[in-house]
Amino acid sequence: MAYDPADLKLPHWLLAFLDWAIRLRLPVWPGWHAGMTRSGALYASTMMGVIAAAFYSGNNLLYLCAAMLVSLAIAAFVHGVLVLLAVPDFSTCMPETSTAGGVAVVRRTLAGKPAASAIIRAAWQGNGRNVECTIRLADEATLLMRLHAPCRSLFSFSSLLLSTEAPLGLWRLERRLDTARWTWAVIPEAAPTFNLPSHRPSHTGEPGSHEGEEWRDLRGYYPGDMPSRIHWRKSTASEWDTGTWMVKRFAQPEASDTEEMLRVDLRGPSGPAFERLLGQVVGWIQEHPEGRVILGRREFDPGGGLHQSVWQAIASAQPEPDPPAGDGGIILSMMKDMHAA
């Protein structure tokens, strides 16, 4: 009689039951859930069959086999729990700031020495968004992740879900840490600051360029750059086709105390112009790390930890109905009728 592999095919109801069993997660302790993997469900079925055969026949060898299978299952469960308990708090290793549209590859060594080798999946949860990463336990604990930064936003993650199937792949254990906190600021890409729709006070009373006349270096073209700034000789034929020309940058003149303060007017509609305005704020801060920033009605002082606080403010900024606080300094605004303070 010819062999037909279809004769070994499991019935549909048994496959459906198996899929339901491996999706089931049972609470075993506050913050802890446990379930079986596909191989674990097959292992449990085999173990139950051996136990039933041992009780039915009274064979001592079957009793011994059943005891070994049960011991392996219990040892795998306890070992998985110990692996999750050994994961250190790595919230301080997570990046605090990223640029919108970019991809950050994170590979960092965590504190502590792991007691066993394992792969742990971690998922930060909050704001309706999950960020997944991997922790590899070997000679040392290593955090691995490829972080895709979405559009500008401020994400606050309030819980961390750890899961592993180590060591034998029989159990899927999950541990939720509600004490873990991570705030991630996604800021817009820095925009050039020499062609801003802004006004600075001057002796002539007219707006002027932020750059001087001494040539400094080249940078990539940014939409809105003046054509006179493009360095045509340094732009290759392929760059002409793609529009990625090189733009000349000039050294800035020595700034006065008034020019070391930036006031950002957040009045206006949200959209590309608003995002460009915030990108210009990012560019100005990178060029003036010690400068004061007034973003709408909020003021940020370099002495009070300017960067992270202002990055978070930029990431969460929304249009406001009121003019910026204070007076003097350089004003950034989308309002065409703005005048120097």
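Let's start at Glu174, which belongs to strand 10, the run from 171 to 177. This is a predicted model, and in it Glu174 counts as buried because its relative accessible area is 16%, under the 20% cut-off. If we set aside neighbours within four places in sequence, Glu174 is in contact with Arg25, Gly31, Trp32, His33, Leu84, Leu161, Leu162 and Ser163.

Just before this strand comes a feature worth a look. Pro167 sits in the loop that links strand 9 (159-164) to strand 10. The peptide bond joining Ala166 to Pro167 is cis, with omega at about 5°. As background, most peptide bonds are trans.

Now step back to the whole chain. You will find 6 helices and 18 strands in it. Of its 341 residues, 39% are buried. Take the contacts with a sequence separation of 6 or more: 69% of them are between residues 24 or more positions apart. On the outside, the accessible surface comes to about 19,600 Å², and carbon and sulfur atoms contribute 58% of that.

Moving inward, the largest nonpolar core has 34 residues. Which of them touch the most other members? They are Phe90, Trp124, Ile135, Leu143, Leu162 and Trp184. Leu162 is already familiar as one of the contacts of Glu174. Leu143 is a good residue to click on: beyond four places in sequence, its partners include Phe90, Cys93, Met94, Val106, Leu110, Cys133 and Ile135. Polar and charged names appear on its list too, among them Arg107, Arg108 and Thr134.

A second core, separate from that one, is made of 23 residues and includes Ala185, Val282, Val310 and Ala317. Ala317 lies in the loop between helix 6 (306-315) and strand 18 (330-332). Is this loop residue buried or exposed? Ala317 is buried, because its relative accessible area is 6%, below the 20% limit. Outside its sequence neighbourhood of four places, Ala317 is in contact with Arg152, Phe274 and Leu278. Between Ala317 and Glu275 the C-alpha to C-alpha distance is 9.6 Å, with 42 residues separating the two in sequence.

Aromatic rings give us another way through the model, which holds 9 aromatic pairs. One of these joins Phe55 and Tyr63 edge-to-face, with 5.8 Å from centre to centre and 85° between the planes. The label edge-to-face applies because the angle is over 60 degrees. Phe55 counts as exposed, at 61% relative accessibility, whereas Tyr63 is partly exposed at 33%.

Elsewhere, Phe90, Trp124, Phe155, Phe157, Trp182 and Trp184 form one aromatic cluster. Phe90, Trp124 and Trp184 are names we met among the core residues that touch the most other members. Phe155 has a charged partner as well: the charged end of Arg129 sits over its ring, 5.4 Å from the centre.

Finally, the cysteines. How many disulfides does the structure hold? The count is 0. For Cys65, the relative accessible area is 31%, so this residue is partly exposed. Cys133, by contrast, is buried at 4%, and Cys133 is one of the residues that Leu143 touches.

Key
Residues are numbered from 1 along each chain as its sequence is written. This is a predicted model: local features need pLDDT of at least 70, side-chain atom pairs count only at pLDDT 80 or more; totals for chains, interfaces and linings use all residues. Side-chain values use heavy atoms; hydrogens and water are left out. Rings of Phe, Tyr and Trp (its six-membered ring) pair if their centres lie within 6.5 Å; planes under 30 degrees apart count as stacked, over 60 as edge-to-face and the rest as tilted. Buried means under 20% relative accessible area, exposed over 50%, partly exposed in between (1.4 Å probe, protein chains only). A charge sits over a ring if NZ of Lys or CZ of Arg is within 6 Å of the ring centre and within 35 degrees of the ring normal. A disulfide is a pair of cysteine sulfur atoms within 2.5 Å. A nonpolar core is a set of buried Ala, Val, Leu, Ile, Met, Phe, Trp, Tyr and Cys residues joined through side-chain atoms within 4.5 Å. Contact means heavy atoms within 4.5 Å. Helices (H or I, at least four residues) and strands (E, at least two) are DSSP runs, numbered from the N terminus. Accessible areas come from the Shrake-Rupley method with a 1.4 Å probe; for residues, only the protein chains shown count as cover.
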